[in-house]
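Visitor: I'd like a close look at one strand of this protein, with its neighbours and the charged pairs around the chain thrown in. Take your time and connect things up as you go.

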Amino acid sequence: LAFSPNGHTALSSSGDGSLIRWDLVDAGEVQRLPGHKDMVWDVAFLPDGRQALSSSGAASPSVPVQDASIRLWDLETAAEIHSMALPVDAIMQVAVSPDGSTALVASNHPYLVIWDLESWQEIGRLEGHAGPVTGVEFTPDGLTALSVSVDGTLILWDVPGRQALYRFGGHGENLWSLAISPDGRTALSDSGDSTMVLWDLETGEEIHSFMRDDPAAGWGSPGIAFLPDGRTALSSAQDGNLIEWDLETGEEIRRLGQHASLRTRVVISPKGRLALTSGMDGSLRLWDLETGELIRRSDGHGILFDVALSPDGQTALFGSSDTTITQWQLQNPSVAELQHWIEDNRYVRDLTCEERETYRIEPLCDRGGE
């Protein structure tokens with residue numbers, strides 16, 4: 001799932017190979033983008049919101065690959081601008097640079113492809129991992145990027161120079177998640193070995209290592225997020241707990257609550273007041289980070305694979321294994337907003353002639369007419 005930069009539309013991708021653009025104001029499908037013949041692993045808007053990049057590949061190593069490709073779309077015409085098949089089994093992530101000129105392509109191979117979106121060609125590779133790359137993210141300046149791999153390492157890359165600046169170790173295998181601080185100076189990584197590590201991206205040194213008492217350790221979880229102030233962070237635990245950390249002291253601040261099973265996402269609102277978490281238990285929960293209280297929850301969904309917050313932090317989208325996408329309003333509407341919505345959306349039937357006569361509502365029907 002991905003919101004457009006203005007938050008008015010969103011793109012969703014699916015295991016059936018489909019890519020759909022949604023109007024979030026009218027809650028309707030705008031267009032389908034045909035072309036992929038395999039699972040669509042990722043989709044990202046370009047900064048101007050008029051184009052998008054998607055990637056596909058085999059759903060699992062045991063499934064024959066049909067279409068491991070990246071595709072660039074014109075969202076105003078629903079036309080495919082470019083496509084390119086790559087010699088891999090699955091392209092699991094695409095990261096677009098802040099200026100929209102370059103993409104980093106992560107696959108089941110131990111390297112990143114640097115793709116020029118203007119000339120539509122590969123311009124280099126970032127090689128250094130010993131296993132598949134499971135995540136990649138540009139830093140805010142767009143000149144460097146951080147990647148994680150199942151080999152337990154992170155690498156900070158000089159993208160224009162096509163070389164590694166720092167290699168971060170300290171984890172076991174199955175390193176699945178990372179988060180870069182809002183100022184781009186630090187990063188968090190999390191793995192299945194019950195540790196979360198805070199790294200200094202300017203020096204390449206470890207700042208803190210955070211240990212969890214996690215009885216279900218063994219697999220990585222993508223649930224880590226910085227708060228906007230950069231001094232605190234939230235992480236998910238394999239046992240479903242949501243933990244808030246003090247990044248300056250390395251101490252646990254509190255545990256907010258618990259899903260019945262592994263969390264899949266942790267998303268923070270732009271102002272840092274709210275946190276949205278999803279879980280393999282099919283539940284979505286909204287937390288007040290000022291009070292630590294659970295504000296709202298939505299249950300009964302299938303496995304929630306992804307959650308995305310709108311740029312203004314007012315609405316969320318979540319996609320589920322039950323093939324549905326749900327739009328959730330995070331802020332309670334005011335009375336005036338409710339009245340406006342009711343006036344715009346209520347159904348008012350036509351009155352019968354008898355009702356017009358009874359209540360003297362003009363215009364009255366013609367004599368003998370209904």
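**One strand and its surroundings**

Guide: The accessible surface of the protein comes to about 17,700 Å², and carbon and sulfur atoms own 49% of that (areas are from the Shrake-Rupley method with a 1.4 Å probe, and for residues only the protein chains shown count as cover). Bear in mind that this is a predicted model: local features need pLDDT of at least 70, side-chain atom pairs count only at pLDDT 80 or more, and totals for chains, interfaces and linings use all residues. Residues are numbered from 1 along each chain as its sequence is written, and side-chain values use heavy atoms, leaving out hydrogens and water.

Of the 370 residues, 50% count as buried (under 20% relative accessible area; exposed is over 50%, partly exposed is in between, with a 1.4 Å probe and protein chains only). The secondary structure is two helices and 31 strands (DSSP runs numbered from the N terminus: H or I of at least four residues for helices, E of at least two for strands).

Let's zoom in on strand 22, residues 232-236, where five of five residues are buried. T232, L234 and S236 point one way while A233 and S235 point the other, and both sets are buried. On one flank, strand 21 (residues 224-226) runs antiparallel to strand 22, joined by three bridges (strands pair if DSSP finds at least two bridges between them). Strand 23 (residues 241-246) also pairs with strand 22 in the antiparallel sense, this time over five bridges. A233 is a handy residue to click on: F226 is bridged to A233, and A233 also stands opposite W245 in strand 23.

Now for the turn leading in. The hairpin of strand 21 and strand 22 has five residues between the strands, and there G230 takes a positive phi near 75°. On either side of that glycine in the numbering, D229 and R231 meet through their side chains in a salt bridge, 3.9 Å from N to O (a Lys or Arg side-chain nitrogen within 4 Å of an Asp or Glu carboxyl oxygen). D229 is partly exposed at 39% relative accessibility, and R231 is partly exposed too, at 45%.

That pair has company, as the structure holds 12 salt bridges. In one of them, R185 and E202 bring their closest N and O atoms to 3.5 Å. This one links distant parts of the chain, 17 residues apart: R185 is in the loop between strand 17 (175-180) and strand 18 (186-191), and E202 is in the loop between strand 19 (195-200) and strand 20 (206-211). R185 is partly exposed, with a relative accessible area of 46%. E355 and R349 sit at 2.9 Å, closest N to closest O, and R349 is partly exposed at 44%. Elsewhere, D67, R71 and E80 join up in a salt-bridge network.

One last stop, for the nonpolar side of things. L351, Y359 and I361 make a nonpolar surface patch of about 280 Å² (patch residues have over 30% relative accessible area and no salt bridge; like charges are joined within 9 Å, and nonpolar side chains, meaning Val, Leu, Ile, Met, Phe, Trp and Tyr, within 5 Å). L351 lies in the loop between helix 1 (335-345) and helix 2 (353-359), and is partly exposed at 32%.
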